[in-house]
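This briefing looks at two ligand sites in turn, with attention to which parts of the chain supply each of them. Please read it alongside the sequence and the coordinates.

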Amino acid sequence: MPKKTLQFLFGLLFAISASTIHAASKDTSDEDNKLNGDCIGCHYNVTPGIVKQHLESPMANAKKHEDSVSCTDCHGESHVTNDDYAKAAMPTMETCAECHKKETKQYKKGKHNLAWFGMKSQIAWHGQPGAIVDKGYKGCSGCHKLGKKGILGIADGKNELTHDNGKEAADYRYGNAQCDACHTRHTFSQDEARDPRACSNCHMGFDHPQWEMFMSSKHGIIWSIEDQKGERDGRAPTCQKCHMNEGDHEVTTAWGFLGLRIPTQKNVLALIDAAPSLEQPLRDLAKLLPTGSYIDVDDDPQWVLDRALILQAAGILDSGLQPTERFVEIVVQGRAARAPEEFNALRTKMKNICNECHSKGFVQEHFVASDNVIKAADHEFAKAIAAVQALYKDGILEKPEGWDFAPDLLHYYDAKTNVEQELYLIMLEYRQRAFQGAFHASNDYMHWYGWAPLKTAVNNILQEAKQMRAEHEAKQKH
Ligand code: HEC
Ligand code: HEC
Ligand code: HEC
Ligand code: HEC
Ligand code: HEC
Ligand code: HEC
Ligand code: HEC
Ligand code: HEC
């Protein structure tokens, strides 16, 4: 049978079932039903895949028939012919919010909603051509589009994010729906979203290989052997079980993407003994920081100092250890790190989830050991940072034009020297894999993809810095 005829028959078949579902069920005017029938009738030929998925979706077949959702609920009624399709509305998260208030409210509190803002807080993002980072959703923006566009930050004196009222989103015809990241259109299924594979297109690869780590942990292996898919109460925990427990759409972890915490007043004041020459800047910094302390985590002054160096190399603290604009934008507004109250609450919640299947002692040991991987990694990283900072201080390296800080980890792969390229790899690849692998119980990621190349990179940096220094001194003598 010719393909065209097949398509026509297929279309007819669905046109009938569509009209029965919608005409019989929707408690709206005949006019609305007819309009929706028109959308479906014509779109059988225009986009048959979309029509099929929609008609088989839970939303087109709500438990209460009169609640069933139609094309017009999401795309409006302005486009009705072959030529005026530019008038079709493209849904945003607010469209879904009309019927799903609870999920939307939770989502807005979590980190996913901040994904677009977080991406744009990166100086490296601004340094790349548009095709690489922005329209067309090919790189950064393809994953980060699950965040809301047009977040402006926190207004003075307010405790909530302000928005541009849709101005930035209006520049983009597609990709403003956010909610379709895990339950993809036009099926919009919760079973799909509950399957760990739904997270894997984004949570994979270079700097956050959670999918690979999960699949190489016993949790992922059991999930796979027992063919658990999106099952809620399987023997193995899924990403969703640990991070979206009971369907909570607010995703946030204690340590966050970068394994950082906001130092507390106590942390910083304890450094004065170790570094008396820094007393004044440390006292100034402490005034801006939260009180309280972190549960479980061993905060000896050496670690605090190591973390301070990392924050300096990321331009989050300046050379006098004071917070920069980036501190405000990335840490406070983009919520890249937590303060004690939030950290402790998130950690306790996570431990309770583990505790459904493991003993308290087992879980405690796992967490503390993972914290200590961050601590050990930070110490190695700080040694390498100090060596590169010294190259700048002693005039062996010169701050590149247009840079506010040097070294500056946040220029990523635009770093100008080998030693700084290595620092960038430590920050975004090796250190990440070491601690994320530890938490996700993937020993190979923790060690051979994380710690081992981290040590190699640190050793290379120390060696190369020594050589650069010797060459510089030889030149001076001439
Ligand atoms: C007479 C045929 C016809 C009818 C009726 C129709 N459409 Fe379309 N629609 C089209 C065509 C043609 C396109 C463009 C398809 C393409 O570019 O491949 C389109 C595109 C769209 C798009 C995508 C627009 C874009 O910019 O990518 C949406 C959404 C859409 N239609 C929704 C609807 C809805 C909702 C209705 C009912 C209110 C409807 N359509 C009725 C023919 C129709
Ligand atoms: C006009 C109201 C309405 C709008 C708008 C709407 N939904 Fe729904 N949604 C429903 C109804 C009704 C159900 C089915 C509940 C039932 O089965 O009784 C549902 C179910 C769902 C489910 C669960 C499906 C399952 O597998 O059980 C998901 C996920 C979902 N919607 C996501 C979305 C997303 C994403 C958007 C925005 C793009 C959206 N909805 C817009 C009314 C709506
Ligand atoms: C479309 C890409 C995408 C998908 C799909 C996705 N995420 Fe994310 N996720 C992100 C991005 C981007 C961020 C970082 C957001 C930011 O800037 O804070 C993030 C952040 C997170 C965080 C917060 C980490 C922190 O900083 O505390 C968790 C937890 C998380 N995602 C879990 C999940 C889970 C579980 C799934 C699947 C059910 C999932 N994500 C699906 C892109 C995605
Ligand atoms: C493959 C999808 C993907 C691509 C491409 C991608 N990201 Fe991400 N990004 C994520 C995910 C997933 C997270 C959260 C990971 C985690 O928490 O471990 C994230 C986290 C981040 C964070 C941390 C946010 C926070 O507050 O913790 C920033 C900043 C960021 N990405 C910026 C960028 C920039 C800039 C680019 C392009 C140069 C980019 N990303 C490319 C998926 C992606
Ligand atoms: C629950 C909401 C919802 C319903 C119902 C819905 N859509 Fe969509 N549709 C979306 C979302 C979300 C997008 C993605 C928008 C974006 O990329 O910003 C989309 C995109 C589209 C696109 C363009 C993107 C593409 O993949 O080509 C077309 C065409 C379309 N829808 C047609 C339809 C038709 C026809 C119907 C009815 C059979 C329908 N939609 C029902 C939410 C919906
Ligand atoms: C990071 C992935 C992810 C994103 C993004 C996401 N969801 Fe979900 N959603 C899930 C998961 C997982 C479930 C299943 C929860 C469960 O039952 O444990 C779910 C379930 C749902 C349900 C069914 C709830 C019920 O109890 O029947 C609705 C409705 C829904 N989501 C709407 C939304 C809306 C609206 C958005 C955007 C604000 C959204 N989702 C964004 C992962 C996601
Ligand atoms: C057994 C529970 C569990 C499972 C399963 C799990 N995670 Fe995690 N995840 C954790 C813990 C524990 C942390 C560290 C929490 C903290 O910061 O204290 C974490 C941290 C994260 C982070 C923040 C950065 C990092 O890696 O440390 C992201 C993003 C994340 N997980 C995503 C995922 C995704 C996506 C999956 C599935 C592919 C997944 N997780 C599977 C428990 C789990
Ligand atoms: C739904 C049940 C369940 C939850 C929740 C759960 N696990 Fe597991 N976990 C298992 C099972 C089953 C195994 C494999 C059998 C075993 O080693 O106990 C396992 C294995 C492990 C292993 C490997 C043990 C080994 O000997 O190789 C570690 C580590 C682990 N889990 C840590 C955690 C942590 C940490 C959490 C919470 C963030 C957690 N698990 C949550 C069920 C669970």
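Helices, as the word is used here, are DSSP runs of H or I with at least four residues, numbered from the N terminus. The model is a predicted one, and the points below cover the surroundings of ligand 4 and the iron atom of ligand 6.

**The shell around ligand 4**
- There are 20 residues around ligand 4, and those that come nearest are Lys-111, Cys-140, Cys-143, His-144 and Gln-210.
- At least two residues of this shell come from each of α7 (115–120) and α10 (140–144), and α10 gives the most, with 3 residues.
- Domain 2 (103–226) and domain 3 (265–477) each contribute at least three residues to the shell around ligand 4.
- Sorted by class, the shell holds 9 nonpolar, 10 polar and 1 charged residues.

**Polar contacts of ligand 4**
- Lys-111 places a polar side-chain atom 2.6 Å from an oxygen atom of ligand 4, while for Gln-436 a polar side-chain atom lies 3.5 Å from an oxygen atom of the ligand.
- An N or O atom in the side chain of His-208 is 3.3 Å from a nitrogen atom of ligand 4.

**The iron atom of ligand 6**
- His-183 and His-249 coordinate the iron atom of ligand 6, each through NE2, at 2.1 to 2.2 Å.
- His-183 lies in the loop between α11 (167–170) and α12 (190–194), and His-249 in the loop between α15 (239–243) and α16 (265–269), so the pair ties together parts that are 66 residues apart in sequence.
- The arrangement around this iron atom is octahedral, because its 6 donor atoms subtend angles of 82 to 179 degrees.
- His-183 counts as partly exposed at 21% relative accessibility, whereas His-249, at 18%, counts as buried.

Technical notes
Residues are numbered from 1 along each chain as its sequence is written. Chains are lettered from A and ligands numbered from 1 in the order in which they are written. This is a predicted model: local features need pLDDT of at least 70, side-chain atom pairs count only at pLDDT 80 or more; totals for chains, interfaces and linings use all residues. Side-chain values use heavy atoms; hydrogens and water are left out. Donors are N, O and S atoms within 2.8 Å of the metal (3.2 Å for Na, K and Ca); water is not among the atoms, so sites may look incomplete. Four donors count as tetrahedral if all angles lie between 85 and 135 degrees; four count as square planar and six as octahedral if opposite donors are over 155 degrees apart and all others between 65 and 115; anything else is irregular. Buried means under 20% relative accessible area, exposed over 50%, partly exposed in between (1.4 Å probe, protein chains only). A residue is near a molecule or strand if one of its heavy atoms lies within 4 Å of it. A polar contact is a pair of N or O atoms within 3.5 Å; within protein, one must be able to donate a hydrogen and the other to accept it, and residues adjacent in sequence count only if both atoms are side-chain atoms. Ala, Val, Leu, Ile, Met, Phe, Trp, Tyr, Cys and Pro count as nonpolar, Asp, Glu, Lys and Arg as charged, and the others, Gly among them, as polar. Domain bounds come from an automatic or database domain assignment.
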